[in-house]
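Me: Please take a close look at the salt bridges in this model. Which residues pair, where do they sit, and are they buried or exposed?

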Amino acid sequence: MAYRSIHIVALGSECPGGVGPGEEIMGQGQLQGGLLWSYLGHGALVGPCDLESSMHNPAFMEYSSLVFGDVTVVVRDCPSWDLLDSDWASVRKVLEQADILVIKYSVTDKLAFQQVRNGYAPRLRPLLRHWGVPVILVAIGARLNDEGPPCTCPLCASDWSSCVPHSEGLQLSRDLGATYLELPSLNHVFVGRYFGSVLEYFMIQCLKHKAKERPEKRRGNKVNDLRPPHLEQPARLPPIRVEESSFSQDMQWLLERGVQFADVAFYAGDSGKELGWAHAAVLCAVSPYFRQLLLGPKTRERPQSRCVCRERDGGPNSLLSNWDGAIIDDMPRSEAHSTGRLSRLVVKDPLLCMCLWETLMFIYRGAWEWDHLQEALEEKLKNTLAAAQLIERIRCLIGKEKGPRDTPSARAAQLGPQTLVNLFNSPLYSDVIFMVQGSVLPAHRAVLVARCDVMAAMFSGKYAEARSRVVPIHGVSSDTFLSFLEYLYTDSCCPASVLQAMAVLVCAEMYQVKRLQHLCEVCVCAYLQSMPSRELSSTGISVIRLLRRAKCHNAEQLYIWLLHFIANNYLIFSHKPDFLELSEEEREQVERLRWPSRGYLQELSEYQQRRRKLRKSRCIVM
């Protein structure tokens with residue numbers, strides 16, 4: 001009764017850390033807390049089944065249960081991926097017998113996920129495609145900053161350094177051709193309702209397939225039976241590659257070379273020696289105490305904190321103060337600096353005087369690389385105790401207390417680009433105003449110069465914009481330019497629609513911000529790929545015109561992707577009037593890549609004709 005049994009193979013561990021080499025594979029206590037055991041319930045029996053004793057492998061924990069009343073489910077669970085290296089032949093033999101494959105990982109174990117994605121997934125991918133086994137990829141656990149359902153935005157970058165992002169799990173499922181699930185916990189709701197419904201669907205499909213094959217084996221294959229032509233899967237769409245973020249490097253460049261736009265000077269409290277320059281906008285965005293010093297009595301509210309440094313030494317006032325109590329000083333500036341008012345701050349703390357450069361570098365890079373800051377301070381001071389004391393004072397200075405959850409994984413949630421989010425579209429220390437279609441958009445020259453080369457040339461050269469506070473912008477809508485500025489300040493951009501993404505792409509090409517252009521390309525592809533066929537055929541968005549705009553604005557990756565997308569949906573786009581707008585070369589490429597192919601359609605037509613003839617002949621005989 002093999003057609004009434006289902007073989008499920010599970011790989012990977014639900015727990016962070018998994019199972020290392022030399023450790024026990026899985027005990028019954030761990031097993032009962034696992035995903036598949038939780039689904040099968042108390043009716044599961046541990047141990048090799050009599051039906052499958054020939055396939056027993058001691059590296060797999062085997063157990064079975066009954067579902068749908070009389071269907072036997074045989075589960076082979078292996079939480080250790082090391083078995084694929086040590087005994088690949090045995091694992092492959094077990095996988096060949098699988099009807100369903102379940103791959104599990106913990107969202108809080110990014111190292112194990114990367115090993116699976118980079119090492120084991122490429123080995124499994126060709127075999128799974130050849131066997132046609134349905135695969136379920138399950139991400140288990142809650143991320144540190146989850147307050148609701150996981151974000152499905154394709155550009156979301158939450159918990160990148162500590163947890164596995166939703167986008168990476170989704171990409172791995174696409175590479176494996178798997179169904180992707182996220183289960184925050186292994187309770188009966190998530191396991192039974194979400195995982196159980198998907199697993200039961202594949203089990204039902206498996207039973208139907210086996211029941212369909214059974215009578216065919218008994219009758220034998222007839223030579224004259226008609227079989228429909230085989231339809232190949234459409235070609236995979238080419239990937240859109242996006243550069244790594246350069247936000248930290250851009251802000252570091254601003255500190256090192258952006259002296260022309262600096263408006264804060266630091267002086268040693270004992271000698272009056274100049275220590276360095278900085279930018280008030282960046283300092284105020286990161287630290288509430290710099291806002292108190294630089295913005296005056298309007299922002300005198302003091303955040304509630306129990307910092308030991310404040311209680312002992314009087315808080316930030318023991319580290320910094322204004323020059324002679326004046327917040328703004330109209331002292332003359334050197335030719336290397338732009339004209340404007342200069343704020344002078346006195347550094348009272350001797351340790352901070354010695355390590356001011358390292359402290360400013362830490363602030364400019366996002367104020368989250370605490371381990372790197374500690375190493376830099378220890379190397380500079382040559383004293384671990386003094387470095388620890390200065391770390392606590394810097395925490396007090398920027399308003400970050402060290403609590404019980406102040407771990408590397410918890411600090412990773414505070415990414416550098418988020419430090420300037422308070423400056424975005426804010427008049428705080430704004431020194432330039434963009435006039436776009438009647439809208440007033442405040443901005444900060446220092447941030448613009450650091451993040452955009454065209455802006456750097458515009459504000460640093462002998463152009464009118466370098467001397468004017470109000471800069472008009474033409475040819476771009478206010479919403480589009482606001483999204484462009486949002487990227488410069490936050491290093492992220494999430495347009496609300498395909499047309500908005502294309503508008504931001506054009507703006508990014510105008511100002512030569514390549515990474516933003518590629519992010520918009522990814523966004524356009526994600527929106528189009530998420531449309532079902534019915535919506536794609538009835539939408540008012542012209543994909544052919546998107547192709548024209550992509551080519552016109554040097555979006556090469558999007559141009560190639562759209563050609564493949566049109567080819568993969570040939571039957572939809574070939575009937576639209578704008579399909580004739582394709583050039584001869586483009587139409588040849590689409591015809592070459594089209595799905596389904598001309599050969600398949602011809603075979604299908606011949607097959608249908610033979611079926612009609614066969615039906616007519618049967619009717620005549622009857």
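**Salt bridges**

Reply: K104 is buried, at a relative accessible area of 1%; the model is a predicted one. The partner of K104 is E14, and their side chains form a salt bridge with an N to O distance of 3.1 Å. This contact joins distant parts of the chain, 90 residues apart: K104 belongs to strand β5 (residues 100-106), while E14 lies in the loop between β1 (5-11) and α1 (28-32). E14 has a relative accessible area of 11% and also counts as buried, because the cut-off is under 20%.

A second pair is R76 with E62, whose closest N and O atoms are 3.6 Å apart. Here two strands are linked, with R76 in β4 (residues 71-78) and E62 in β3 (residues 61-67), 14 residues apart. R76 is buried at 1% relative accessible area, and E62 is buried at 3%.

The third pair, R451 and D250, meets at 2.8 Å, N to O. It connects helix α17 (residues 445-451), which holds R451, to helix α8 (residues 247-257), which holds D250, across 201 residues. R451 is buried, with a relative accessible area of 8%; for D250, also buried, the value is 15%. D250 and R451 belong to a network of salt bridges that includes D491 and R515. UniProt, in an unreviewed entry, lists residues 262-294 and 430-491 for "domain: BTB".

Across the whole structure, the search finds 19 salt bridges.

Conventions. Residues numbered from 1 in each chain as written. Predicted model: local features only at pLDDT ≥ 70, side-chain atom pairs only at ≥ 80, totals over all residues. Heavy atoms only, no water. UniProt positions renumbered as here; feature names shortened; annotations may be inferred. Salt bridge = Lys/Arg side-chain N within 4 Å of Asp/Glu carboxyl O. Helix = DSSP H or I, 4+ residues; strand = E, 2+ residues; numbered from the N terminus. Buried < 20%, exposed > 50% of the residue type's maximum accessible area, 1.4 Å probe, protein only.
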